[in-house]
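Biologist: Could you take me through one part of this model closely, the network of salt bridges? I'd like to know which residues are linked in it and how buried or exposed they are.

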Amino acid sequence: MKAEKPSQTTPSEAPMLGDHLAMDLLNTEAIVDGHPVDYWHSGEDVRKWLARHGIAPMDADGPVDPDALLARGTALRSLVRRLIEQRKQGTLGDIAALDAYLRAYVSAPHLARDSEGGLTLTRQARAEPIASMLGPLAEATAQLLVDGDFDLVKQCQHPECVLWFYDRTKAHKRRWCSMALCGNRHKAAQFRKKAAV
């Protein structure tokens, strides 16, 4: 089934509740009211999502072909989904395509003054615009594959939800993408079940 564009009743932006950039990337595809929803339908959708995560300012330097940004962004999202699902199942997928995104993401150190007059050392992207925009997503995914505890990489346990999250709770017992969303839906369903008996 083809994913729908967000409707009037669907939230217009993908949720930011994955507690990891790679999880939020996967969550740009969701199930809302039983229907698959893709929050990325244009390069502008991708740019806005990146800006919400502090990755690419809305006025990124250099011309950006919106169709190319959408195509490369959705290709990266599919690749990340496949690699995370494989790693979650205990296997290592083919990392060559992810490595290609990483190699295209060239950056350099940048020394600047902060707002208090001190110094900060950051890295600034020096690649072509799309590689600069998608590079942080590839890097976050690579870091997760290298250092992440995949017992803490989880999907929401609500049967009608496909959202992912990195469980950073103290006891590592998080079950829901969000207590306000799926946790409460589950509680309400359990209450209705008990009331029907």
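Modeller: **The salt-bridge network**

Happily! R77 and D38 meet through their side chains in a salt bridge, 2.9 Å from N to O; the term stands for a side-chain nitrogen of Lys or Arg within 4 Å of a carboxyl oxygen of Asp or Glu. This pair links distant parts of the chain, with R77 in helix α3 and D38 in strand β2 (residues 35-38), 39 residues apart. Helices (H or I, at least four residues) and strands (E, at least two) are DSSP runs, numbered from the N terminus. Both R77 and D38 are buried, where buried means under 20% relative accessible area, exposed over 50%, and partly exposed in between (1.4 Å probe, protein chains only).

A word on the basis: this is a predicted model, in which local features need pLDDT of at least 70 and side-chain atom pairs count only at pLDDT 80 or more, while totals for chains, interfaces and linings use all residues. Residues are numbered from 1 along each chain as its sequence is written, and side-chain values use heavy atoms, with hydrogens and water left out.

R77 also forms a salt bridge with E29, at 3.4 Å from N to O. Here E29 sits in strand β1 (residues 29-32) and R77 in helix α3 (residues 66-88), 48 residues apart. R77 has a relative accessible area of 3%, whereas E29 is partly exposed at 27%.

E29 has a salt bridge with R81 as well, their closest N and O atoms being 2.9 Å apart. R81 lies in helix α3 and E29 in strand β1, so this pair ties together parts that are 52 residues apart in sequence. R81 counts as buried, at 18% relative accessibility.

Put together, E29, D38, R77 and R81 are linked in a network of salt bridges. The model's count of salt bridges comes to eight.
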